[in-house]
Amino acid sequence: MLKNFLLVSYRNLRQNKGASFLNILSLSLGMAACLFIFQYLYFEYTFDIFSNSSHVYRVETDTYGFNSLQKKDALTAPFIGPELKETFDEIENITRLMPFSDNGTAFFSQTQADGSSHPLYVEKVYFAENSLLEIFSVELIEGDTEEALSTPNTILVSESGAQKLFREDLEKDISILGKTLKTGREGIDENVYIITGIFKDFPIKSHLQANMLVSLSSPESGLSFSSGTQNQSLYTYLVEKPNSSLQSIQSKASNHIYLPLITDTLESRLSFLPIQEIHLNSTSSNEPSPRANIVFLTFLGLVGLIILILSCTNYVNSAIINSIDRAKEVGVRKLLGIAPRQLMLSFLGEAFMINLLAGVLAFFNFIMGLRLMKLYTKVNYPVPMEWETLKTGLAFVLVLVIVSTILSGIYPATFLSTLKPIEALRGKAQVLNSKLSSKGSKVIRFLLVFQIAMGISFLSAVYIVHQQLEFLKSHDSQSIELKVTAKFSGAGGTNQAYIDKFNRFIQAQSNDRIKDVILTNLYNGQIKKTQSIKPFYLVDTKQDTTQANYQLYVIDHQYWKDSAQIFLAGRNFKPQFSADFDKVIINESAMQALGFTEPDSLLGKQVGQYNGYLNVSGVIKNKSALEGPKAYVTGINHPTFFQMTVKSEGSSSEKIMATLNNLEYTWASQFPNFYFLDRQYNDQLAMEQNILKLFFFFSLIAILIASLGMFGLSSFTAYKRTKEIGIRKVLGAHAGQILVLLLYDFLVLIFYASILTLPVVIYGAREWLANYAVRINLSPTLVLFPILMMLMICIVIIVKQCWKTAVSNPVNSLEMN
């Protein structure tokens with residue numbers, strides 16, 4: 001029976017080659033587009049899924065003011081993690097990590113065999129605790145998982161990072177374990193790190209990506225001096241024990257763990273976000289990676305569903321049209337005793353075969369199209385050669401084939417199985433004039449109206465979005481002010497002449513475009529650079545090399561708000577930035593290490609040698625009796641942050657980026673390695689351009705599918721009215737009049753589709769344009785132009801299909817059975 005069914009299905013496909021080709025082409029295009037979209041949605045919705053990830057949460061800091069949420073921050077204070085674990089039995093484990101620098105990059109140097117120093121630039125570097133390896137299921141290729149990051153100044157390198165940084169060693173099968181990397185300047189602020197392992201790269205579907213992990217206990221992390229502060233500087237993750245209640249942890253933590261009051265009007269509370277929701281649902285600042293755009297994903301899902309429905313409607317139309325040629329087959333099979341249910345299953349089987357062929361073609365189109373998507377869009381798409389991608393792609397194809405078979409096959413199967421055998425055996429003319437055929441024509445017209453309406457909608461969306469973005473480029477003259485932050489790595493060898501030149505440059509740049517320039521060595525009020533240095537010594541005095549190293553901190557006058565209670569002698573740094581570039585403030589332990597017992601006697605003494613000689617301007621109290629020697633410096637010769645208000649002549653992302661790029665170029669000429677930390681405008685511009693490209697790509701597919709539907713219906717209409725056209729030609733009608741008559745029916749359908757589409761397009765355009773302060777006027781041209789374009793496409797297709805019938809010999813038309 002199966003063999004006979006396959007044979008009949010094959011013969012029908014072969015007999016109707018044109019219709020079968022259009023059906024398979026239409027369905028494969030729709031499935032390929034859906035596969036692109038649904039695979040991407042699957043990629044975005046399955047982030048951070050690993051062993052035990054359902055029990056992993058990130059601790060976040062929520063700032064409240066006047067009983068309302070003011071800010072959510074992905075970072076927490078250093079002491080939060082340890083106190084949570086110590087306080088709550090429900091927590092199984094915690095881990096913390098911190099960006100190595102403000103932008104997560106690091107500059108290392110490696111000593112070569114010939115003694116020369118080779119610089120290494122590494123992106124995505126974090127200070128991390130050893131427990132990170134267990135919580136995030138990080139697998140080590142080399143090294144000991146239990147001890148990899150347990151000791152200070154140890155480093156783990158990712159597999160891809162090792163291939164990039166140590167390619168020659170790995171090609172020679174030389175292990176890189178035990179190799180040393182250095183940061184800072186030799187003999188001044190040098191830190192030496194030892195590579196203790198290589199870990200497999202974090203999965204691409206992880207919100208956390210790292211090329212290097214550095215032990216959080218390393219002195220350069222600054223954790224030793226900031227562990228008790230409330231400054232948010234670390235990412236904190238916890239693992240809850242099985243069968244524990246996260247709600248109880250949250251309520252207890254908000255009441256007992258975090259000191260509630262920050263100011264008179266603000267307070268901080270802890271919240272816990274499941275790690276699997278970070279990529280999609282996080283609204284916190286300081287995220288380690290870009291987040292997904294839910295609106296964008298929803299839009300893509302809706303587009304995919306519409307395209308699949310469009311492709312299925314073509315098959316429905318084609319099946320109804322082909323029922324005329326299959327009328328006798330249905331009549332004979334019914335007379336032979338085949339029940340309507342069996343006929344229905346048979347026609348559903350044929351629909352499944354066509355959808356299966358289309359699915360196979362769509363899968364190959366998907367694989368080839370992935371490369372094109374990577375070339376023309378900036379969508380973070382899975383690598384096509386990965387087995388998981390191919391496996392999920394095949395699963396999606398199977399689901400699409402089943403869904404498409406149901407959508408496209410149910411009505412045609414029902415329609416064909418309900419044909420009356422007497423009418424079917426009387427011939428095509430009887431079938432064409434039957435009530436069932438009339439009902440089928442109505443269904444075809446309804447589906448075609450839907451196809452045209454969707455085509456107009458896609459054309460309108462592309463046209464309006466394109467016009468708006470072009471308008472912003474040429475007419476956006478609205479001036480807006482942006483608060484931005486930039487960083488300068490510091491100028492070594494600073495002297496008073498450089499400071500004067502520096503101040504003159506700042507004054508010259510302060511104008512209408514740039515104002516409120518604030519310079520500081522702190523970032524958001526936090527110390528960003530601390531390091532261990534060789535001990536100070538008094539100038540003209542022999543250096544004592546037996547002393548312990550000093551801990552150096554780069555700050556400015558804002559760090560000590562109440563200096564009267566802190567200073568034993570001397571003063572705080574001056575509010576004028578870099579006025580005290582050659583000064584240093586030390587604590588009691590450092591004073592005693594220099595051989596002094598009276599703080600006043602040390603003031604004005606010159607000590608060395610860190611980045612030149614420094615004059616002691618103040619002595620502060622120790623925080624505890626066991627506190628080691630500490631020194632504090634300030635000025636442009638250290639990492640400096642520029643906080644400024646920049647005026648942009650235009651509110652579009654493109655003009656904002658142009659303003660920042662020009663500003664960065666100008667300032668970098670004076671301050672090498674000057675760069676802005678705020679780059680969200682670039683991401684917004686990329687997103688806008690990407691949306692337009694995706695709109696254009698999928699609109700072409702939708703319009704092509706709608707055109708295929710028009711192609712089929714025009715053939716059916718001309719075929720159904722063949723005898724009528726023959727009679728009209730005998731009575732004197734010429735080909736032009738016949739074409740106008742045939743076009744009229746389609747123009748009515750296009751009119752209905754336009755009426756249905758106009759309110760939706762106008763409403764959608766208004767809602768989207770409302771997000772722009774500078775926007776185009778919603779004129780009739782914006783709506784009518786896409787309708788005229790769709791009308792021209794339809795007219796070309798209709799004329800091409802109906803021309804043969806219009807010029808045919810009326811004698812042949814009247815001979816139709």
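Are lysine 630 and glutamate 627 buried or exposed? Lysine 630 is buried, and glutamate 627 is buried too. Welcome to a short tour of this predicted model, with stops at a threonine in a strand and at several salt bridges. A search of the whole structure turns up 10 salt bridges, and the pairs below are among them.

**Threonine 95 and its surroundings**

- Threonine 95 sits in strand S3, which covers residues 91–99.
- With a relative accessibility of 0%, threonine 95 counts as buried, because buried means under 20%.
- Setting aside neighbours within four places in sequence, threonine 95 touches Glu129, Ser131, Leu132, Ile135, Phe136, Tyr235, Thr236 and Tyr237.
- One of these contacts, leucine 132, has its backbone nitrogen 3.1 Å from a polar atom of the threonine 95 side chain.
- Arginine 58 is 37 residues from threonine 95 along the chain, and the C-alpha atoms of the two are separated by 9.7 Å.

**Lysine 200 with glutamate 139**

- The side chains of lysine 200 and glutamate 139 form a salt bridge, with 3.7 Å from N to O.
- This pair links distant parts of the chain, 61 residues apart: lysine 200 is in the loop between strand S10 (191–199) and strand S11 (212–215), while glutamate 139 is in the loop between helix H4 (131–135) and strand S7 (140–142).
- Lysine 200 has a relative accessibility of 38% and so counts as partly exposed.
- Glutamate 139, at 47% relative accessibility, counts as partly exposed as well.

**Aspartate 169 with lysine 179**

- Aspartate 169 and lysine 179 meet through their side chains in a salt bridge of 3.3 Å, N to O.
- Here the partners are 10 residues apart: aspartate 169 belongs to helix H6 (residues 167–171), and lysine 179 lies in the loop between H6 and strand S9 (180–183).
- Aspartate 169 counts as buried because its relative accessibility is 18%, whereas lysine 179, at 22%, counts as partly exposed.

**Lysine 630 with glutamate 627, and a shared network**

- Back at the opening pair, the side chains of lysine 630 and glutamate 627 meet in a salt bridge, with 3.1 Å from N to O.
- Both partners in that bridge, lysine 630 and glutamate 627, are buried.
- Elsewhere, Arg58, Glu60, Asp62, Lys72 and Glu287 are joined into one network by salt bridges that share partners.
- Arg58 also appears in the threonine 95 section above, where the C-alpha separation of the two residues is 9.7 Å.

Notes
Residues numbered from 1 in each chain as written. Predicted model: local features only at pLDDT ≥ 70, side-chain atom pairs only at ≥ 80, totals over all residues. Heavy atoms only, no water. Helix = DSSP H or I, 4+ residues; strand = E, 2+ residues; numbered from the N terminus. Buried < 20%, exposed > 50% of the residue type's maximum accessible area, 1.4 Å probe, protein only. Contact = heavy atoms within 4.5 Å. Polar contact = N/O pair within 3.5 Å; in protein donor to acceptor, adjacent residues only side chain to side chain. Salt bridge = Lys/Arg side-chain N within 4 Å of Asp/Glu carboxyl O.
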